[in-house]
Amino acid sequence: MRSFAGRDILSLKDFERAEFAHIFEIADRLEPIARERRNTDLLAHKTLVTAFYQPSTRTRLAHEAAMHRLGGHVTGFSDAKMTRAGDFYQESIKDTVHMLEYYGDAIVMRHFQQGAPHEAAKWASVPVINAGDGWGEHPTQVLTDLYTVLSEMGTIDGLTFLCIGDMRMRTMHSIGYALSQFDAEAIFVGPEEMSLTDDFKAELDERNLQYEEAEHVADVIHRADVIYMEPVVQADYTAGRDERGEQVGMTPENYQVTRKLMADKAKSDSIILHSLPRMDELPPDVDGTRHARYWEEAYNGVVMRMALLALVLGAME
Ligand code: CP
């Protein structure tokens, strides 16, 4: 297995099964620090730079919280409009990253352009972590999600994932690639105009993922062990910021998971994940059911970023 020290985390395309297992093991070892709300000194001499060209609540703050839990330091920006990349100069990723690499020991980047963190990694002498790039990928979110499944179900192998939402979404790409490393199958349900692209299907076929597409959640939810949700009423992920208009669409029933649907049709032990934020596809009254695991998923977001930062910064091998 390749070492994670100094490595960029850009995509789950090239992650191998043993690498998933290793990250999950490191997360297990670090988890008590987060659970006991302790801060340690594992990364006391390291600084993380956050470069967020798109809004974020969870991904940026979970990385920052992880860094604090490990005793490290954080600097960066959460709004590119306050930098030279977002004003008259439109400073390039190359020039920006040449600065950021002097300010810290790893860079976590979210960008509206697909491939922007990959471009940053070409120029940075420190590890770059992809915190979501346009419609591209969201590897740290999906590592969090699979760690949650493993923690809650004890396995990823043998499970059926029902993936509901906009198939252009970056999490859907990362989870497709990731599941191909496990003996798991996927059922994708989304609106036709947001369905799996032919290119992505070819990649899933090439990776031998067992998957199918369905039209209505209600037709397939009885088969799901993990219900993996994203909104279909979506922001434009290729924009730096997508403000909410006066009219916001409603989620069609095909893509909603309600308390009644879970009671009527879902497996008794199935779990629901949602990387959040949500719209009306997942009504708040589902939160009180035994199936909801998205708050655990959010907590694991900190644990997973602790593991990734400890690994790429060489504090754990
Ligand atoms: N799940 C997720 O990426 O959330 P944020 O957009 O708030 O980071």
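## A tour of the salt bridges, strands and loops

Start by selecting Arg293, which counts as buried at 16% relative accessibility. Keep in mind as you click around that this is a predicted model. Now add Glu152: Arg293 forms a salt bridge with Glu152, and their closest N and O atoms sit 2.6 Å apart. The two come from distant parts of the chain, with Arg293 in the loop between S9 and H10 and Glu152 in helix H5 (residues 139-153), 141 residues apart. Glu152 itself is partly exposed, with a relative accessible area of 31%.

Next, pick Arg223 and Glu212. Their side chains meet in a salt bridge too, at 2.9 Å from N to O. This pair also links distant parts of the chain: Arg223 lies in the loop between H8 and strand S8 (226-229), Glu212 belongs to strand S7 (residues 210-214), and eleven residues separate them. Arg223 counts as partly exposed at 28% relative accessibility, and Glu212 counts as partly exposed at 32%.

For a salt bridge inside one helix, go to H9 (residues 259-265) and show Lys260 and Asp264, which are four residues apart and so about one helical turn from each other. The closest N and O atoms of this salt bridge are 2.5 Å apart. Both Lys260 and Asp264 are exposed.

Want a group rather than a pair? Select Lys13, Glu203, Glu206 and Arg207, which are linked in a network of salt bridges. How many salt bridges are there by this rule? The count comes to 21.

Time for the strands. Colour S6 (residues 185-189): four of its five residues are buried, so the strand is largely enclosed by the rest of the structure. Bring in S5 (residues 160-164), which runs parallel to S6 and is joined to it by five bridges. To see one pairing up close, label Leu162 and its bridge partner in S6, Ile187.

Then move to S4 (residues 128-133), where six of six residues are buried and the strand is mostly covered. S4 pairs with S3 (residues 106-111) in the parallel sense, over four bridges. Here the residues to label are Ile107 and its partner in S4, Val128.

Now some backbone oddities. Zoom in on Leu276 and Pro277, which are joined by a cis peptide bond with omega at about 5 degrees. Pro277 is in the loop between strand S9 (271-274) and helix H10 (294-312).

Which loop holds Arg37? The one between helix H1 (17-35) and strand S1 (47-52). Arg37 is not a glycine, yet its phi is positive, about 50 degrees. With 68% relative accessibility, Arg37 counts as exposed.

Gln90 is another non-glycine with a positive phi, about 45 degrees. Find Gln90 in the loop between strand S2 (73-77) and helix H3 (93-103). Gln90 is exposed, with a relative accessible area of 57%.

Switch to a surface view and select Glu192, Glu193, Glu215 and Asp219, which form a negative surface patch. Asp219 sits in helix H8 (residues 217-220) and is exposed, at 52% relative accessible area.

For a last stop, put a distance label between the C-alpha atoms of Ala65 and Val248: they are 32 Å apart in space and 183 residues apart in sequence. Ala65 is in helix H2 (residues 58-69). Is Ala65 buried or partly exposed? Ala65 is partly exposed, with a relative accessible area of 28%.

Key. Residues are numbered from 1 along each chain as its sequence is written. This is a predicted model: local features need pLDDT of at least 70, side-chain atom pairs count only at pLDDT 80 or more; totals for chains, interfaces and linings use all residues. Side-chain values use heavy atoms; hydrogens and water are left out. Patches are made of residues with over 30% relative accessible area and no salt bridge: like charges are joined within 9 Å, nonpolar side chains (Val, Leu, Ile, Met, Phe, Trp, Tyr) within 5 Å. Accessible areas come from the Shrake-Rupley method with a 1.4 Å probe; for residues, only the protein chains shown count as cover. A salt bridge is a side-chain nitrogen of Lys or Arg within 4 Å of a carboxyl oxygen of Asp or Glu. Lys and Arg count as positive and Asp and Glu as negative; His and the chain ends are not counted. The place of a charge is taken as NZ of Lys, CZ of Arg, CG of Asp or CD of Glu. Buried means under 20% relative accessible area, exposed over 50%, partly exposed in between (1.4 Å probe, protein chains only). Two strands pair if DSSP finds at least two bridges between them.
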